Structures are given as C-alpha cells and as structure tokens.
Amino acid sequence: MERPQVVSALETQVKARPVPRHVGIIMDGNGRWAESRGLERLEGHREGSASVREVTRTARRLGIQALTLYAFSSQNWARPAEEVAGLMDLLRDYLERERPEILDNGIRLNAVGDVGRLPRFVRDPLDRLIADSANNTGMVLSLALSYGGREEILHAASRMAEAISRGELSAGRVEESDFESFLWTNGLPPLDLVVRTSGEQRISNFLLWQMAYAELCFSDALWPDFRTDEFLRCVSQYQQRERRFGLTSAQVQREDTPQRAKA
C-alpha cells in the first residue's frame with residue numbers, strides 16, 4: 001500500500017482535472033482473495049465491504065456525481081445456496097452499518113436491478129435507507145442488486161411496449177431518451193468510467209446500454225485490496241484519455257465541438 005502522502009499528492013492531482021460524472025465498478029476478486037489466504041469465500045466479501053466504504057468516501061471527495069457498484073448480479077442467484085444466503089446477510093449488515101455514513105455525508109442511496117427478488121430482511125433496510133436519503137443532494141450511490149444488463153434492457157423494452165400500447169408513445173418516433181427513461185438507471189448521469197478489479201477483462205452483463213461510450217479501466221488488484229490509491233489511478237487514466245464519441249481528434253479539439261464530445 002502506498003504511503004499516505006503519495007496518495008494525497010495523487011488525489012490533489014486528480015482533483016485539479018475534470019473527474020468522471022458517473023463511475024461504475026465491477027467489484028471482482030473477493031472469493032479469490034479469501035481462498036488465497038485459506039479463508040472461507042464469505043470472508044473475502046466481508047473484507048470487500050471495507051473497500052466499498054473507502055472508495056465511496058474517495059469518490060465523494062473527488063466530486064463524482066454518481067457511483068454504481070455491481071454488488072450482486074442476476075446470475076449470482078445460481079451460486080451455492082449457502083453462499084447466496086451469506087451474501088444476503090452481509091448486504092443487510094452493510095445497509096445497517098453504513099446508514100449513518102450515508103446519511104451524515106449527504107449521500108443519496110439508490111438501487112438498480114430486480115430488487116423484488118431480494119429477501120424481505122434485505123429489502124426492508126434497503127427501502128428505508130433509500131427513502132431516508134432521498135432528499136440528500138450529494139453523490140448518488142447506486143447498488144446494482146439482482147442486476148443484469150440484458151435483463152435491464154428486456155425490462156425496459158417491455159415497459160416501453162406497454163407505453164406504446166397505451167398510446168403514450170408513438171412506435172415510429174421513439175428516441176434514445178425515450179428508451180432510457182425506462183431503464184433502472186433513469187435519472188443518473190451518463191456513465192463515463194467503468195472499473196473492473198481482479199485482472200479480469202470482461203464486462204459481465206454490467207450496464208450494457210450505459211457503457212456504449214464509457215472508458216474502461218482494468219485493475220489487477222482483487223477487490224478487498226482495491227482502495228483509494230488504486231481508485232485514483234483509474235480516475236487519472238480516465239483523465240488522460242481523449243473521448244471522441246465517433247468524431248475525429250481534430251473535431252474534438254475545436255472550440256465549437258458539442259460539449260458531450262469534450263466530456
């Protein structure tokens with residue numbers, strides 16, 4: 001781990017440049033972290049919650065508007081029942097333990113995914129914290145729970161079809177913004193950066209629609225080892241890239257280029 005003064009210097013450097021509006025993180029490597037230490041896999045998830053807190057704090061300090069964490073995928077339900085039950089217990093504990101941290105720092109909690117599948121003992125504290133933080137004006141912390149990108153797109157398409165059948169939309173005049181209004185992420189800023197930990201280089205059904213023009217950063221650190229310094233390195237990489245959105249580099253550099261091409 002880097003010395004605190006080195007991390008502080010990097011944070012100062014990152015703060016001096018525009019930061020991504022919305023960052024998504026695929027938190028991978030908890031199980032491998034535990035197994036490499038001869039521990040039960042759930043101990044890796046438990047240790048990973050410390051990374052969640054530290055990265056959330058860092059994102060808020062940087063002025064990032066939205067942070068979305070891939071906490072439990074639609075496909076994770078197929079894991080051994082004992083592990084799923086343990087993950088649900090850890091999620092409930094996280095919501096209860098981090099409640100003061102979220103409320104005291106003006107963070108608004110959000111959830112994306114098929115949250116109706118979550119057990120009641122998780123949904124109750126989740127719903128309460130979402131409601132109690134609804135008026136907070138700081139960073140939006142979204143937990144992707146029982147979430148899948150394909151599932152989100154199918155859900156949105158179904159809802160949009162229903163709206164068309166009711167005459168609320170014209171099938172021949174549907175625009176991207178219309179479709180996006182039916183996504184679970186509706187209301188969040190555009191996704192600028194996606195980070196995946198543990199050295200794996202795939203997106204695993206995460207925010208498929210939203211990721212169209214996002215920058216990708218892959219870290220070799222397992223999630224329990226991914227702390228402030230690693231997060232700052234990813235944001236710094238993002239800041240050094242030229243985002244063209246299909247345009248040429250010369251177009252992006254012109255003063256009259258649309259703002260989204262400069263973001």
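Biologist: Which residue in S4 does Leu69 stand opposite?
Modeller: Leu143. Keep in mind that this is a predicted model.

Biologist: How many bridges hold that S2 and S4 pairing, and in which sense does it run?
Modeller: Strand S2, residues 66-73, pairs with strand S4, residues 140-147, over 7 bridges in the parallel sense. Further along, Phe72 of S2 stands opposite Leu145 in S4.

Biologist: And what about S1, how does that pair with S2?
Modeller: Also parallel: S1, residues 22-26, and S2 share 5 bridges. His22 stands opposite Ala66 there.

Biologist: OK, zoom out. What's the strand order in the sheet?
Modeller: S3-S4-S2-S1-S5-S6, so to speak from one side to the other: 6 strands in an open sheet with parallel pairing. Strand S3 (108-112) and strand S6 (215-218) are the edges, each pairing on one side only. On average, neighbouring strands are turned by 20 degrees against each other, ignoring direction.

Biologist: Which strands does H4 touch?
Modeller: Helix H4, residues 81-97, packs on the sheet and touches S2, S3 and S4. The direction of H4 makes about 160 degrees with that of S4.

Biologist: Is S2 mostly covered or mostly open?
Modeller: Mostly covered, with 7 of its 8 residues buried.

Biologist: Then the core. Which residues touch the most other members of the largest one?
Modeller: Ile25, Leu67, Leu95 and Phe231, out of 43 residues in that nonpolar core. H4 supplies the largest share, 6 residues.

Biologist: What does Leu67 touch, skipping residues up to four places away in sequence?
Modeller: The list is His22, Val23, Ile25, Val55, Thr56, Ala59, Met139, Val140, Leu141 and Ser142.

Biologist: And what's in the second core?
Modeller: That one is separate and has 11 residues, including Val112, Tyr147, Leu191 and Met211.

Biologist: Switching to helices. How far apart are the end C-alpha atoms of H3?
Modeller: They are 32 Å apart. H3 covers residues 41-62, and at 1.5 Å a residue its 22 residues should span 32 Å, so the two values agree.

Biologist: Which residues of H3 are buried?
Modeller: Gly44, His45, Gly48, Ser49, Ser51, Val52, Val55, Thr56, Thr58, Ala59 and Leu62. Two of those, Val55 and Thr56, turned up among the contacts of Leu67.

Biologist: What phi does Gly63 take, just after H3?
Modeller: A positive one, about 90 degrees.

Biologist: Now H6. Which of its residues are buried?
Modeller: Val122, Pro125, Leu126 and Leu129. Looking down the axis of H6, the buried residues fall within an arc of 100 degrees, so they line one face of the helix. An α-helix has 3.6 residues a turn, so residues three or four places apart point the same way.

Biologist: What covers that buried set in H6?
Modeller: The cover includes H4, helix H5 (99-104), S3 and S4. H6 itself runs over residues 120-132 and reaches 18 Å from first to last C-alpha, close to the 18 Å expected.

Biologist: Last one, Asp220. Buried or exposed?
Modeller: Exposed, because its relative accessibility is 68% and the cut-off for exposed is over 50%. Asp220 lies in the loop between S6 and helix H9 (228-239).

Biologist: What is Asp220 in contact with, beyond its neighbours within four places in sequence?
Modeller: Ser198 and Gly199. The C-alpha atoms of Asp220 and Arg196 are separated by 8.6 Å, although the two residues are 24 residues apart along the chain.

Methods: Residues are numbered from 1 along each chain as its sequence is written. This is a predicted model: local features need pLDDT of at least 70, side-chain atom pairs count only at pLDDT 80 or more; totals for chains, interfaces and linings use all residues. Side-chain values use heavy atoms; hydrogens and water are left out. Two strands pair if DSSP finds at least two bridges between them. Helices (H or I, at least four residues) and strands (E, at least two) are DSSP runs, numbered from the N terminus. Axes are lines fitted to C-alpha atoms, for helices over the stretch in contact, and angles run from 0 to 180 degrees between N-to-C directions. Contact means heavy atoms within 4.5 Å. A nonpolar core is a set of buried Ala, Val, Leu, Ile, Met, Phe, Trp, Tyr and Cys residues joined through side-chain atoms within 4.5 Å. Buried means under 20% relative accessible area, exposed over 50%, partly exposed in between (1.4 Å probe, protein chains only). The expected span of a helix is 1.5 Å times one less than its number of residues. The arc is that of the directions from the helix axis to the C-beta atoms.
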